[in-house]
Amino acid sequence: IIVHDDGEQIRCFAHVADVVRFVIELVELPAAHGQVINIGSAEPVSIRELAERVIEIAGSKSKIQFESYADAYDKDFEDVRRRIPDVGKLEKLLDLRPEYKLSEIIHELVQIQREA
């Protein structure tokens with residue numbers, strides 16, 4: 001598994017079913033019309049930890065290989081080290097939380113891959 005830089009970049013991942021559910025609920029909610037609302041998960045994970053969890057859940061013997069941004073992209077590439085959406089407005093408007101945790105998302109994707 002190729003991980004760019006040191007893998008300590010922080011991201012949040014959401015299941016598409018949660019995202020679609022949030023979009024539908026927001027479209028149907030007049031109080032949300034005309035507002036900017038972050039949709040997603042606020043469950044942070046480092047890219048390195050994500051790779052480790054994928055390997056563990058998949059029961060894989062894969063190794064993590066680190067690749068610099070300069071090798072992967074160009075010398076001017078810059079990355080944001082930490083991306084965690086503020087989903088406070090989403091939670092307040094809808095009183096909803098994501099149904100899927102990251103481990104469930106990984107399990108589902110591993111299963112889909114095995115069936116392919």
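1. Exposed here means over 50% relative accessible area, and buried means under 20%. With that cut-off, the face of H1 turned away from its buried side carries two exposed residues, Val16 and Val27. The model is predicted.

2. Helix H1 covers residues 16-27. The helix has twelve residues. From first C-alpha to last it reaches 16 Å, close to the 16 Å expected at 1.5 Å a residue.

3. Which residues of H1 are buried? They are Asp18, Arg21, Phe22 and Leu26. These residues cover an arc of only 130 degrees around the axis, which puts them on the same side of H1. What do the buried residues of H1 pack against? Their partner is helix H4, residues 88-94.

4. Two of the buried residues on H1 carry charge partners for each other. Arginine 21 forms a salt bridge with aspartate 18. The closest N and O atoms are 2.9 Å apart. Both residues lie in helix H1, three residues apart, which is about one turn of the helix. Is this pair buried or exposed? Both arginine 21 and aspartate 18 are buried.

5. Now the other side of the helix. Valine 16 lies in H1. Its relative accessibility is 58%, so valine 16 counts as exposed. Val16 also joins Val20 and Ile24 in a nonpolar surface patch. The patch has an area of about 260 Å².

6. Glutamate 25 is another residue of helix H1. Its relative accessible area is 35%, so glutamate 25 is partly exposed. Which residues does glutamate 25 contact, leaving aside neighbours within four places in sequence? The contacts are Leu94 and Leu96. H4 spans 88-94, and the buried residues of H1 pack against that helix. The C-alpha atoms of glutamate 25 and arginine 82 are separated by 28 Å. Along the chain, glutamate 25 and arginine 82 are 57 residues apart.

7. How many salt bridges does a search of the whole structure find? The count is eleven. One of them joins aspartate 5 and arginine 81, with the closest N and O atoms 2.6 Å apart. Aspartate 5 lies in the loop between strand S1 (2-4) and strand S2 (10-12), and arginine 81 in the loop between helix H3 (69-72) and H4, so the pair ties together parts that are 76 residues apart in sequence.

8. Neither end of that bridge falls in the buried class: aspartate 5 counts as partly exposed at 31% relative accessibility, and arginine 81 is partly exposed with a relative accessible area of 35%. The pair also belongs to a wider arrangement. Asp5, Asp6 and Arg81 are linked in a network of salt bridges.

9. Helix H2 (residues 47-58) holds a salt bridge too. The side chains of glutamate 49 and arginine 53 meet there, at 3.6 Å from N to O. The two residues are four apart in H2, so about one helical turn separates glutamate 49 from arginine 53. Glutamate 49 is partly exposed, with a relative accessible area of 34%.

Notes. Residues numbered from 1 in each chain as written. Predicted model: local features only at pLDDT ≥ 70, side-chain atom pairs only at ≥ 80, totals over all residues. Heavy atoms only, no water. Patch = residues over 30% accessible without salt bridge, like charges linked within 9 Å, V, L, I, M, F, W, Y side chains within 5 Å. Areas by Shrake-Rupley, 256 points an atom, 1.4 Å probe, with all protein chains shown as cover. Salt bridge = Lys/Arg side-chain N within 4 Å of Asp/Glu carboxyl O. Buried < 20%, exposed > 50% of the residue type's maximum accessible area, 1.4 Å probe, protein only. Expected span 1.5 Å × (residues − 1). Arc of directions from axis to C-beta. Contact = heavy atoms within 4.5 Å.
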